[in-house]
Amino acid sequence: MMDIWAEATKIFVFGFSSVFFILGALSLSVVITRVLFEKFGKNPKKS
Amino acid sequence: MIDTFFTFIHSMGFYHLTVGNLIMWAIAFALMYLAITKGYEPLLLIPIGFGVFIVNLPLTNLMADHNILHIFYHYGLEWELIPPIIFLGLGAMTDFGPVIANPKTLLLGAAAQFGVYIAFFFALGLGFTIPEACSIGIIGGADGPTTIFTTVALAPHLLGATAVAAYSYMALVPVIQPPIIKMMTTKKERLIRMKQLRPVSKRQKMIFPLITCGLVCLFVPASAALMAMFMLGNFFRESGVVERLSGTAQNELMNIVTIFLGIAVGGTMSADAFLTPKALMVFAMGLVAFSFSTIGGLLLAKLMNVFSKEKINPMIGAAGVSAVPMAARVVQKMGAAEDPRNFLLMHAMGPNVAGVIGTVVAAGIFLTMGGQ
């Protein structure tokens, strides 16, 4: 019984923090891409 | 002669009807009624409802090996074919512009997975196994194909209950979310106006699916089938050179697989498989998951306002549950009710589509860690 709760806690801790970590990393990549485009991109076409 | 007569009677479905079959018919008709009269997810609830009806016609054996519903189920769901194809279509329909314009909304999509884990723990407390609890928890992501994908892999016997719960609660977003949003926010917060989103270049939109696909699939390979197809569909859309493929993915292909998905899910809902205390508990847990996901998004949005100079309307956090675009529409409607000149729809679309990515990530982690 204890094993199940220990396993569940592991899934929660790794799972929820990974969701934040991955979406946070994605968010950062979007910002980096924007900065790179603004710095080096030639007149990006707006849509 | 009499023997032949009785054999004939025994060969009829009528003779084998059970109370369970009749209850399932009632559920089938209720689903179809809600779809037709209330417009609740008709594209899914009509085929699911019909599937439930026909699988509960005794002696038809439509879910027996090599029979029609079983073929749809086996090749479509067990082979994990249909959910990724649906994601291809969803990707082709999705505009990631609001997320790219305001990337912190990605975090709101992550926070709105809170309910997934709360329901996971609740389900364990009710005696479900870890794989079953994962399948139940993922309902909180409010994403039908992801729920189906996860359940088929981890707890296929719960497929009917989790799929119907996911789609039912998605359809009920306009009923479930407003009271929670009102309870968790003040009038002053609901009146916050957000400045117009900055324009996003075509190149940024084009590179976003590539980055997302690479990043998510490298971190959580188990989510690759869904994420890769989602981003492929979006790349079709944003590349601007394959309109035919994009159009097919979001129209014809999507419609075809939706029929197979609905009828295959309905086919799993025979009376003996569905009328169990477990199925009822799945429905209850689904509501818990959905509510806490809404709360998670709202809380993070409020927290962001504590640290950020540029305030966001915390209601957009509630749109982090993936039900696209209903959750965003609910936020827009509630914002307009408080201030008719407050336009929140595009701001809410950010967390809304981020929620889809968040749910796929959460599902991938469940598949990796919860299946042992």
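Biologist: Which helices each supply at least two residues of the lining of the largest cavity?

Modeller: Let's start with the idea, and keep in mind that this model is predicted. Rolling a probe the size of a water molecule over the atoms shows where empty space is left. In this structure, the helices are α1 (2–40) of chain A and α14 (202–219) of chain B. The greatest contribution is from α14(B), with four residues.

Biologist: Which residues line the largest cavity, and what is its volume?

Modeller: From chain A you will find A:S29, A:V30 and A:T33, and from chain B there are B:I100, B:Q204, B:I207, B:F208 and B:I211. By class, five are nonpolar, three are polar and none is charged. The volume is about 60 Å³. A search of the whole structure turns up one cavity of 30 Å³ or more.

Biologist: What about the largest pocket: which residues are closest to its centre?

Modeller: The largest pocket has a volume of about 700 Å³. Its lining has 30 residues, and B:L90, B:M93, B:M254, B:V324 and B:P325 are the closest to the centre. Several helices of chain B give two or more residues to this lining, including α5 (82–93) and α17 (252–267). The largest share, four residues, is that of α22(B). Sorted by class, the pocket lining has 21 nonpolar, five polar and four charged residues.

Biologist: Now for charges. How many salt bridges does the structure hold?

Modeller: Side chains of opposite charge can pair when their charged atoms come close. Over all chains, there are nine salt bridges. Take B:E189 and B:K302, whose closest N and O atoms are 2.9 Å apart. This pair joins distant parts of the chain, with B:E189 in helix α13 and B:K302 in helix α19, 113 residues apart.

Biologist: Is B:E189 buried or exposed?

Modeller: B:E189 counts as buried because its relative accessibility, 18%, falls under the 20% limit. Its partner B:K302 is partly exposed, at 23%.

Biologist: Which residues are linked with B:E338 in a network of salt bridges?

Modeller: They are B:K187 and B:R190. B:E338 and B:R190 have their closest N and O atoms 2.8 Å apart. Helix α21 holds B:E338 and helix α13 holds B:R190, with their positions 148 residues apart in the chain. Both partners are buried: B:E338 has a relative accessible area of 18%, and B:R190 has 8%.

Biologist: Where do B:K195 and B:E310 lie?

Modeller: B:K195 is in the loop between α13 and α14 of chain B, and B:E310 is in the loop between α19 and α20. Their side chains meet in a salt bridge at 3.6 Å, N to O. B:K195 is exposed at 58%, while B:E310 is partly exposed at 46%.

How values were computed: Residues are numbered from 1 along each chain as its sequence is written. Chains are lettered from A and ligands numbered from 1 in the order in which they are written. This is a predicted model: local features need pLDDT of at least 70, side-chain atom pairs count only at pLDDT 80 or more; totals for chains, interfaces and linings use all residues. Side-chain values use heavy atoms; hydrogens and water are left out. On a 1 Å grid over the protein atoms alone, a cavity is a set of points where a 1.4 Å probe fits but cannot get out, and a pocket is an open set with protein on both sides within 12 Å along at least five of seven lines; lining residues have an atom within 4 Å of a point. Grid points are joined across faces, edges and corners, and a volume is the space filled by probe spheres set on the points. Ala, Val, Leu, Ile, Met, Phe, Trp, Tyr, Cys and Pro count as nonpolar, Asp, Glu, Lys and Arg as charged, and the others, Gly among them, as polar. A salt bridge is a side-chain nitrogen of Lys or Arg within 4 Å of a carboxyl oxygen of Asp or Glu. Buried means under 20% relative accessible area, exposed over 50%, partly exposed in between (1.4 Å probe, protein chains only).
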